[in-house]
Amino acid sequence: MLALTELGQRLRQERESKGLSLEDLQKLTKIQKRYLLGIEEGNYEVMPGKFYVRAFIKQYCEAIGLDTDAIFEEYKSDIPSTQTEDMPQQLSRVRSRKEIPQHTKGVSKAYDYLPTVLVVAGVVVVGIIIWVIAQNIVSDKNKEQANEEAPNSEVQQSNTQEETNETTAKNDNSTSEDEQSAADKKEHEEEKAAKEKAEKEKAEKEKAEKEKKDSGKQEYKEVQKTGRSATYALSGTDAFNLEVTSTQADTWLDVKNGKGNAFFSSILKKGETKEFDLTKETEARVNIGYSPGVELKVNGKAVDLPFDSSKQVRQVVTIQYQPAEAQ
C-alpha cells in the first residue's frame, strides 16, 4: 500500500470521523472506490486524467463537509494542476524566446522580425487552443465512462450479494434438513432401544416371578452317587430350566436328555453361561469335563455339584424330572 500524502491523510481522518466507509462514500459521490482510494493514497496515476483529480477531490471534500477552496489552497502542493493552468506559462516561454533579438539587436531590428513573430505566436496559440479543446472532450468522455461504471459496479455487487444470499439460504435449508433427519433417526433409535429394554425387563421379571413361585415348593434331592456320577430327583415344580456357568476356565460341557439326544456338546468358555429349557424332558444328563469354577442352577436356584471339584475334576450329573401336575 502507498504511503498517505498529507491531503490523503486529512481526507481519510475526516471520513472516518464521520463513520463513513469507502463504499458509503462511493454511493454518495458516484465515484468508483478505486479512485477514492487513489485520492487518499496520493496515487493519481489511476485517474482517467488530471482534470478528474481536481474534480474528484472536490466531490470528496463536499461529501464529507470540507471547504473545497481552503483544502485546495492548503494542500496545493499535493494536488496536480490541469493543463489549462500551464498554458499561460507556455505562451510566456514562447514569447520570451522570440523576443531575445529585440534586446540584442535594437528596436529597428525587432520591427523587421515582428510580423514573423506574430505569425508564429498565432500558430502556437491556435495549436494550444485546439489541443486544450481536444483534451476537454476526451476528459468529458472519460468522466461519463467513469460515472457509468460506478452504477454498473453497484448493480454487479448487488447481484453478487443476492446470489450469495440465495446460496447461503440453500445451504442453511440443506443443513436444517440434515439435522432434522439425524434428530428423527436418533429419536427412532432411542424409542427402539427403550422398547427392547422394557420387553427384556418384563421377560426377566416374569421369569423371576415364575422361578420364585416354583422354588417355594420345588424339591431337588440326591438319589444315588457312585464313582464320578450322581443322580438327583427334581419334583414339586412345573418347570425344568438348567443354567451352567464356567467362572474360572474353559471346560467341556455335554448336555443330553434321557434318550441320548444332545442339547449342547462343545467347549464352554470362561465367563460363559448356557441355559436349557428341559421342561418337556423327564431326564437330563450333564457331563462336566473340568468342574472347578462351574456353577449349576435349576429353575434359577443354585445347586451344589455332587463331588468336591478339587478331588473329582470330571463329574456327571443326572437329573430325573417329574412335573408337579403328574404327582
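**Exercise 1. Find which side chains Arg15 and Glu40 use to meet, and place the pair in the fold of this predicted model.**

Solution.
Step 1: Start with the pair itself. Arg15 and Glu40 form a salt bridge through their side chains, at 2.8 Å from N to O.
Step 2: Now locate the partners. Arg15 belongs to helix H1 and Glu40 to helix H3, so the bridge ties together parts that lie 25 residues apart in sequence.
Step 3: Look at the surroundings. Arg15 and Glu40 are both buried.
Step 4: Widen the view. Arg12 joins Arg15 and Glu40 in a network of salt bridges.
Step 5: Follow helix H3, residues 33-41. Its buried residues are Tyr35, Leu36, Gly38, Ile39, Glu40 and Glu41. After H3 comes Gly42, with a positive phi near 70°.

**Exercise 2. Work out whether Arg10 and Glu74 are buried, partly exposed or exposed, and what they connect.**

Solution.
Step 1: The side chains of Arg10 and Glu74 make a salt bridge of 3.7 Å, N to O.
Step 2: This pair links distant parts of the chain, with Arg10 in helix H1 (residues 6-17) and Glu74 in helix H5 (residues 68-74), 64 residues apart.
Step 3: Arg10 has a relative accessibility of 26%, so Arg10 counts as partly exposed. Glu74 reaches 52% and therefore counts as exposed.
Step 4: Set another pair beside this one. Lys76 and Glu73 meet in a salt bridge at 3.6 Å, N to O. Lys76 is exposed, because its relative accessible area is 56%, and Glu73 is exposed at 51%.
Step 5: Finish with the total, which comes to eight salt bridges.

**Exercise 3. Check the length of helix H4 (residues 50-64) against the expected span, then list its buried residues.**

Solution.
Step 1: H4 has 15 residues, and at 1.5 Å a residue it should span 21 Å. The expected value takes one less than the number of residues.
Step 2: The end C-alpha atoms of H4 are 22 Å apart, which agrees.
Step 3: Tyr52, Val53, Ala55, Phe56, Ile57, Tyr60, Cys61 and Ile64 are the buried residues of H4.
Step 4: Gly65 follows H4 and has a positive phi, near 85°.

**Exercise 4. Trace the order of the strands in the open sheet and find its edges.**

Solution.
Step 1: The open sheet has six strands in the order S1-S2-S10-S7-S4-S5, and the pairing is mixed.
Step 2: The edge strands are S1 (219-226) and S5, each of which pairs on one side only.
Step 3: From one strand to the next, the twist averages 15°.
Step 4: Zoom in on S1 and S2. They run antiparallel and are joined by seven bridges. Within S2, Ala233 is the bridge partner of Lys221.

**Exercise 5. Identify which residues touch the most other members of the largest nonpolar core, and see which strands supply it.**

Solution.
Step 1: The largest nonpolar core holds 24 residues, and Phe240, Val244 and Leu253 touch the most other members.
Step 2: Strands that each supply at least two residues of this core include S2 (229-235), S3 (241-246), S4 (251-257) and S5 (262-268). Strands S7 (283-288), S8 (294-298) and S10 (315-321) also each supply at least two.
Step 3: Take Val244 as a test case. Beyond its neighbours within four places in sequence, its contacts include Leu253, Leu268, Phe276, Val294 and Leu296. Also among them are Glu272, Thr273, Lys274 and Glu295.
Step 4: Look for another core. A second, separate core has 22 residues, including Leu11, Leu25, Leu36 and Met47.

Terms used:
Residues are numbered from 1 along each chain as its sequence is written. This is a predicted model: local features need pLDDT of at least 70, side-chain atom pairs count only at pLDDT 80 or more; totals for chains, interfaces and linings use all residues. Side-chain values use heavy atoms; hydrogens and water are left out. A nonpolar core is a set of buried Ala, Val, Leu, Ile, Met, Phe, Trp, Tyr and Cys residues joined through side-chain atoms within 4.5 Å. Buried means under 20% relative accessible area, exposed over 50%, partly exposed in between (1.4 Å probe, protein chains only). Helices (H or I, at least four residues) and strands (E, at least two) are DSSP runs, numbered from the N terminus. Contact means heavy atoms within 4.5 Å. Two strands pair if DSSP finds at least two bridges between them. Axes are lines fitted to C-alpha atoms, for helices over the stretch in contact, and angles run from 0 to 180 degrees between N-to-C directions. A salt bridge is a side-chain nitrogen of Lys or Arg within 4 Å of a carboxyl oxygen of Asp or Glu.
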